[in-house]
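Got the model open in your viewer? Let's walk through it stop by stop, picking a selection each time and looking at what is there.

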Amino acid sequence: MKQLRQLLFILFMLVSLAPVSAAEAEKAEGFDLQSVLWGHVKDSYEWHITDIGEKKIIIHLPVIVHSSTGWHFFMSDKIEEEPIEDGKLKGYKACPEGTGLYIAPAGSIYENRIVEIAEDGTEKRPFDISLTKTVIVLFIDAIILLLCILIPARWSRRHKVDDPAPKGFTGFMDMFVAYIYDEAIKPSLGDEAKKYAPYLLTCFFFIFVANVMGIIPFPPGGGNLTGNITITFFLAVCTLLVTNISGTKHYWKDIFWPDVPWWLKVPVPLMPLIEVFSIFTKPLALMVRLFANMLAGHAIAIALTCIIFIMASMGAFACGSMSVVSVALSVFMMLLEVLVCFIQALVFTMLSSVFISLARVKGHEA
């Protein structure tokens, strides 16, 4: 009965506060939900940690670009806010002065990226190899991945097969690797599982580490690596290459000359075109599935947390009541995100193993 009363109270608060426009609350308090949301999921030249009053806690990252005036090396703290008065560019001017480098403003095709302004006012992207937030997070996750692999590998080299099972972190990783190998890789690839296990296990643990580090709200976590479509695109391309390089002659025969009625192959190669198209749709599905799920999870978790700040302009009672709801939903979403981190890594690995097994098809027995 007590739980029922609490549930009814929460529902009453939600219904009573529903007519209030969140946009009005945002406007009244100056809280920009969109900037907070995209500031977390997008890449940037600095790593914003938090705000303490008016002071922003930021880790400034190296900017390395080559423009028409040569190479430029400086930290992102040299990018100072300086609106242009003539209205041609409302962005940020980069120091040192005279470089002609700017952060492209909202609405530009290069939004939030460094651009060079030509004499006619057009924007041009310089050669940019800056160590952005995504790049730094990628390095951190790669180091963690290497530690997760090398520490158990070192134990394995020093022990025999019939030695007692390892304990602690090594034992946990040994169990984890065995589970992924036995449940996700071997059922699809069978006897060839050992051949492709190094690649597939690397994919799983890289995605899993990146996903888990992404839900940690402070450095070295907090980077939305798998919510960046460039990263998922690279992983999908790797699976595409491994799959098609491993393809047998029967695999390629079924693509260019499948066992279907002849009128589906000549004079119009309808089925071969569909089969060739499917070569690219499979990794495309891997790319979009991982990117969309992780991006959506981060966005929902942040939006639920931001309810507190949106409701702050409605008074102490409204803010306090909705804070309880926001925290409860945020905790639930974070726990769900941990599960999603594992599931998405497992699904990518499992589908990759299935695609590789389809490419390893043998000839039909008579």
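Start by selecting Thr 349, which sits in helix α10 (helices are DSSP runs of H or I of at least four residues, strands are E runs of at least two, and both are numbered from the N terminus). Thr 349 counts as buried because its relative accessibility is 0% (buried is under 20% relative accessible area, exposed over 50%, partly exposed in between, with a 1.4 Å probe and protein chains only). Show its neighbours: leaving out residues up to four places away in sequence, Thr 349 touches Ile 180, Ile 185, Leu 200, Cys 203 and Phe 204 (a contact means heavy atoms within 4.5 Å).

Before going further, some ground rules. This is a predicted model, in which local features need pLDDT of at least 70 and side-chain atom pairs count only at pLDDT 80 or more, while totals for chains, interfaces and linings use all residues. Residues are numbered from 1 along each chain as its sequence is written, and side-chain values use heavy atoms, with hydrogens and water left out.

**Colour by confidence**

Switch to pLDDT colouring (the predictor's confidence in each residue, from 0 to 100). The protein chain averages 77, and 74% of the residues score at least 70. Which helix has the lowest confidence, and which the highest? Helix α1 (residues 2–17) is at the bottom with a mean of 40, and helix α7 (residues 229–245) is at the top with 93. Now select residues 1–29: pLDDT stays under 50 there, and the model has 19 contacts beyond four places in sequence for them. Residues 85–92 also stay under 50, with 17 such contacts. Where pLDDT is low, the predicted coordinates should not be read in detail.

**Zoom out**

With the whole chain in view, you have 10 helices and 10 strands. Of the 366 residues in the protein chain, 38% are buried. Among contacts between residues at least 6 apart in sequence, 59% join residues at least 24 apart.

**Into the core**

Next, select Ile 180 and Phe 204. These two have the most contacts inside the largest nonpolar core, which has 40 residues (a nonpolar core is a set of buried Ala, Val, Leu, Ile, Met, Phe, Trp, Tyr and Cys residues joined through side-chain atoms within 4.5 Å). Helices α4 (133–157), α5 (168–189), α6 (193–215), α7, α9 and α10 (316–359) each supply at least two residues of this core. Which of them gives the most? That is α6, with 14 residues.

Stay on Ile 180: not counting residues up to four places away in sequence, it touches Ile 185, Leu 201, Phe 204, Phe 342, Leu 346 and Thr 349. For a change of scene, pick Tyr 45, Val 63, Phe 74 and Leu 101, which are among the 7 residues of a second, separate core.

**Aromatic rings**

Show the Phe, Tyr and Trp rings. A search of the whole structure finds 14 aromatic pairs (ring centres within 6.5 Å, using the six-membered ring of Trp; planes under 30 degrees apart are stacked, over 60 edge-to-face and the rest tilted). Take Trp 71 and Phe 127: their ring centres are 6.0 Å apart and their planes are at 80 degrees, so the pair is edge-to-face. This pair links distant parts of the chain, with Trp 71 in strand β4 (residues 70–75) and Phe 127 in strand β10 (residues 127–128), 56 residues apart. Trp 71 is partly exposed, at 43% relative accessibility.

Then jump to Trp 252 and Phe 256, which are stacked because their planes are at 20 degrees, with centres 6.1 Å apart. Both lie in helix α8 (residues 249–256), 4 residues apart, about one turn of the helix. Trp 252 is partly exposed at 29%, and Phe 256 is partly exposed at 48%. Finally, highlight Phe 172, Phe 176, Tyr 179, Phe 204, Phe 205, Phe 208 and Phe 342, a cluster linked by ring pairs.

**Last stops: a cysteine and a methionine**

The structure holds 0 disulfides (a pair of cysteine sulfur atoms within 2.5 Å). Cys 203 is in none, and its nearest cysteine sulfur, that of Cys 238, is 6.7 Å away. Cys 203 is buried, at 5%.

End at Met 294 in helix α9 (residues 270–311). Is this residue buried or exposed? Met 294 is buried, with a relative accessible area of 0%. Its C-alpha is 5.2 Å from that of Gly 227, 67 residues apart along the chain.
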